[in-house]
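Visitor: I should like to learn how an interface between two chains is read. Please take me through the example shown here.

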Amino acid sequence: MKRQVPLALCFLFGIVMILTQFSPHSYSQGVYREVINWNLIINPFALILAVATLIQTHMTRIQRRTEHWQYSLVVFLGMAVMVLIGIPLGPQNSYVEWLYNNLQVPMDATMFSLLAFFIASAAYRAFRARTFEATLLLITALIVMMGNVPVGDLIWNSVLSWLPMEDGASKVRQWILDIPNLASRRGIILGVSLGVISQSIRIILGIERSYLGGGD
Amino acid sequence: MFEKLMNIDRRIIFVLVAVVVIIPTLIPIRLPTRVAEPTQKLYDYIDELPPGSTIIMAFDYGPSSLAEPEPMAKAVLQHCFNKDVRVIGITLYANMPTLADKLMQKIATENGAVYGEDYTFLGYRPGALQVILGMGTNIAGVFETDYHGTAIAEIPMMENITNYDQIDLLLDLAAGSSTEAWIIYANTRYNLKIAAGVTGVIIAQMYPYLQTNQLVGFMPGYLGATEYEKLLNAPGDGTIGLNTASFVHLLIIGLVALGNIAFFIQRRREE
């Protein structure tokens, strides 16, 4: 029963929702709207599950004193402060907004900003023209980077002024994005879409059961 | 010497990056930009909307990535308010409502727009796909109230808006995969016109949708924000950011070139 009921529900709702896509009948569309509403109700439970999993993971780390377990205490401290202030006072309360604007926003921005430093360092060390493919990637990346910023065209127009093409950096970048990039992206989109369709059929028919847990 | 150059201390690179970020930020330089087709298409679409039209602006980014989408949001909001195009703000990101609400209020105040009449902010609801699909049948079914707790029925500009049929455009300001979700679920199923403003890392993913007209236009990163500001003749944060990015790009290109020169000389010596 533990497995049959979820499998039957998955099959039923999968088939019904596919059929609603092919029928404009008011009854069919009514079912579609109703299921969407159910989904909206079910979704917040995912948030509860996420919080429960987070607490469980960090409790385990603290109990087992794994490496850097002290940071898990910081997680609980942050969570407790935001929950204890946020839930009774609401997200528009001045204290909650102060914590958000002065802690979360700068910390988030700082984490992301650090990427610029690491990318610069990693590009210097790893971006080497060792093979033909790496050289091709390197040249393309440099052209796109040059075309992404106005200074690229300035350099092109002054250094490569003998070429019969003005603003060449941005024009070549645009060609790379419009033609080779578009073609390869479309291939990826088609491949992923076919994969999603086949995986969905497997789930609806109960062939793929890993979402139930247990590994089969 | 080349061995040393190839294994340069990374702290030197960090200092160089800091210098090329700080100097252009403190001393802004106006570099000439040309407007590319994706941004021009978006600008033209909004510019041709009749007064009283309504667009949805989805703030689908977080505080970590706001440097690029925020200048885009400012420019488009300014354009909409000046054209009497009404804006409904929403977000699919739980950590974004406060920033989005404050941003809309700021730009509205600067342009004399009135809350509830020219713009509104509905806030966040969990479950991105269900929110996108649910709004297609009934917006009030997903957002019963706006971010400030006012019932949708009591907001004057929402009076005749039920679902996507009354929406002229959805602009997704994205730092992740939300634009593709809007295209797949809102455009394909409900024929909602979609446009985007995306961070640099996802620009390449947008081109197939632009070619098929599933996107009416899009702003690619800082460059897109700068181009939109140029079309509005109102340089702002995008222009400043792009100038800074220009020098960081140049530094990285220079470092990659230097690294490769050292690599080839070293390899030739070893041979």
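Guide: The contact between the two chains is treated below, followed by the domains of one chain. This is a predicted model, in which local features need pLDDT of at least 70 and side-chain atom pairs pLDDT 80 or more, whereas totals for chains, interfaces and linings use all residues. Residues are numbered from 1 along each chain as its sequence is written, chains are lettered from A and ligands numbered from 1 in written order, and side-chain values use heavy atoms, without hydrogens and water.

Visitor: How many residues does each chain bring to the contact?

Guide: Contact means heavy atoms within 4.5 Å. Chain A contributes 56 residues and chain B 63 residues.

Visitor: What area is buried between chain A and chain B?

Guide: The size of an interface is often given as the accessible area lost when the parts come together. Here about 5300 Å² is buried (1.4 Å probe, summed over both parts), with carbon and sulfur atoms giving 65%. Tyr100(A), Tyr124(A) and Pro150(A) supply 13% of what chain A buries against chain B, more than any other three residues.

Visitor: How many salt bridges are counted between chain A and chain B?

Guide: A salt bridge places a side-chain nitrogen of Lys or Arg within 4 Å of a carboxyl oxygen of Asp or Glu. The count is 3; Glu97(A) and Lys102(B) meet through their side chains in a salt bridge at 3.4 Å, N to O.

Visitor: Which domains are assigned to chain B?

Guide: Domain bounds come from an automatic or database assignment. For chain B it gives domain 1 (1-30 + 244-271) and domain 2 (32-234), whose C-alpha centres lie 38 Å apart.

Definitions and conventions:
Buried area = accessible area lost by both parts, 1.4 Å probe.
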